[in-house]
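Visitor: I would like to learn how to read a structure like a map. Could you walk me through one, feature by feature?

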Amino acid sequence: MRELLFFNQVFKEKIWGGSKLKAMFNVDEGISNIGECWTVSAHLNGLSTVRNGSFQGLTLKQLWKEKKELFGSIEGDEFPLLIKFIDAGEDLSIQVHPDDEYAGQWANGSKGKTECWYILDCTSNCEIIFGHNASTKEEFEKLVLQGAWSLLLNKLTVYKDDFIYVPSGTVHALKQGTMVLEIQQPSDVTYRLYDYDRVENGKPRQLHIKESIDVAMVPHWIESYEPQVCKGNGFTKTVLIQNSFFKVIKYEINGAMAQTQDEPFVVMGVIEGSGSIDGIEVKIGDHWLIPYDYGCYRLEGKMTIIASNTVPKTY
Ligand code: ZN
């Protein structure tokens, strides 16, 4: 089908949210501290609706159920990705997400949450929490129960344009001043290990110590992926990651690029600059889906795009 599907955004207020997303999307609703903007989601906690064309007003969840052909009729009971912007106006809680198996059993059949971040902005010398220093589960548990956070938690300095893979089981936290584009499995299950003893409406937010200890990966270990770069006339294409959860590609367009959509579907979003796709103007924040069988498309302008899809499993 020769039609691109653009989506409306869903904004989420968070105690740690900042003001950058409000400015970026020109939000004038009476909502402050926007922590997240869900741009592509078929999750009930923030459904994307189509804002243009013949599917206008329908949710991505409905399309996934009723119009399978848009997604190359790939298997799966849920649309496999959830994409959002996150603006950490303050430090986020130290957290860890379950994998499919644990979430399926203990979180009402939910999917697990493997995610990845593209760092859009951060303060200088910005450190996030990423991984930990325990070498056994016993040591991990002991340090958690003692609240020995500075001994346990590992810090990582991040820079604009870093790409960070966060598989389920990774202990992590974004820190104040970071803004990221997150591509993740369609799940909203977060186990909070430590929340800096903060209060929300007079009460501390719930912690999930047992679940966090259960699902934390010990020792911390992340498989590395060497990005593959391909330079063309007017564009640079970088494959940032490709695994069984997702394939994420960065396109830096400075001129024009044309290629054929040869995946079951592709989701694209502009993270910097502006331009057009097949003559339709796009700017920072816009996200759209290119359906299966769309054919050739042309990106033009001066902009950076993050494209993602899932790689169908081969048996
Ligand atoms: Zn997370």
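Guide: Gladly, and we can begin with touching: a contact means heavy atoms within 4.5 Å. Two notes on the source come next. This is a predicted model, in which local features need pLDDT of at least 70 and side-chain atom pairs count only at pLDDT 80 or more, while totals for chains, interfaces and linings use all residues. Residues are numbered from 1 along each chain as its sequence is written, and side-chain values use heavy atoms, with hydrogens and water left out.

Visitor: Which residues does S308 touch?

Guide: Leaving aside residues up to four places away in sequence, S308 touches L81, I83, I183, K247, V248, F265, V266 and V267. S308 itself belongs to strand β21, residues 296-309. Strands (E, at least two residues) and helices (H or I, at least four) are DSSP runs, numbered from the N terminus.

Visitor: Is S308 buried or exposed?

Guide: The scale first: buried means under 20% relative accessible area, exposed over 50%, and partly exposed in between, with a 1.4 Å probe and protein chains only. S308 has 1% relative accessibility, so it counts as buried.

Visitor: Where is S187 found?

Guide: S187 sits in the loop between β11 (179-184) and β12 (191-194). Its relative accessible area is 0%, so S187 is buried. Not counting residues up to four places away in sequence, S187 touches H43, L82, S110, K111, G112 and K113.

Visitor: Which residues coordinate the zinc ion?

Guide: Start with what counts as a donor: an N, O or S atom within 2.8 Å of the metal (3.2 Å for Na, K and Ca); water is not among the atoms, so sites may look incomplete. Here H97 (NE2), E115 (OE) and H172 (NE2) coordinate the zinc ion, at 2.1 to 2.4 Å. Along the sequence, the spacing of these donor residues is H-x17-E-x56-H. H97 lies in the loop between β5 (94-96) and α3 (100-106), and H172 in strand β10 (residues 172-173), so the pair ties together parts that are 75 residues apart in sequence. H97 is buried, with a relative accessible area of 1%, and H172 is buried too, at 2%.

Visitor: How many disulfides does the structure hold?

Guide: In general, a disulfide is a covalent bond between the sulfur atoms of two cysteines. The test used is a pair of cysteine sulfur atoms within 2.5 Å. This structure holds zero disulfides. For C230, the nearest cysteine sulfur is that of C296, 15 Å away. C230 is partly exposed, with a relative accessible area of 40%, and C296 also counts as partly exposed, at 43%.

Visitor: How do I read the empty spaces?

Guide: Picture a 1 Å grid over the protein atoms alone. A cavity is a set of points where a 1.4 Å probe fits but cannot get out, and a pocket is an open set with protein on both sides within 12 Å along at least five of seven lines; lining residues have an atom within 4 Å of a point. Grid points are joined across faces, edges and corners, and a volume is the space filled by probe spheres set on the points. A search of the whole structure finds one cavity of 30 Å³ or more. The largest cavity holds about 50 Å³ of space, and its lining is A42, K61, W64, K65, D77, E78 and F79.

Visitor: What is the volume of the second largest pocket, and which residues are closest to its centre?

Guide: The second largest pocket has a volume of about 370 Å³. It is lined by 22 residues, and K14, W16, E36, Q95 and T190 are the closest to its centre. β2 gives the most to this lining, with three residues.

Visitor: Where should I look for less common backbone geometry?

Guide: As background, most residues other than glycine have a negative phi, and most peptide bonds are trans. In this model a cis peptide bond joins V218 and P219, with omega about -10°. P219 lies in the loop between α6 (209-215) and β15 (228-232). N125, which is not a glycine, has a positive phi near 55°; N125 lies in the loop between β6 and β7 (126-132) and counts as exposed at 67% relative accessibility. D197 is not a glycine either, and has a positive phi of about 55°. D197 is found in the loop between β12 and β13 (199-200).
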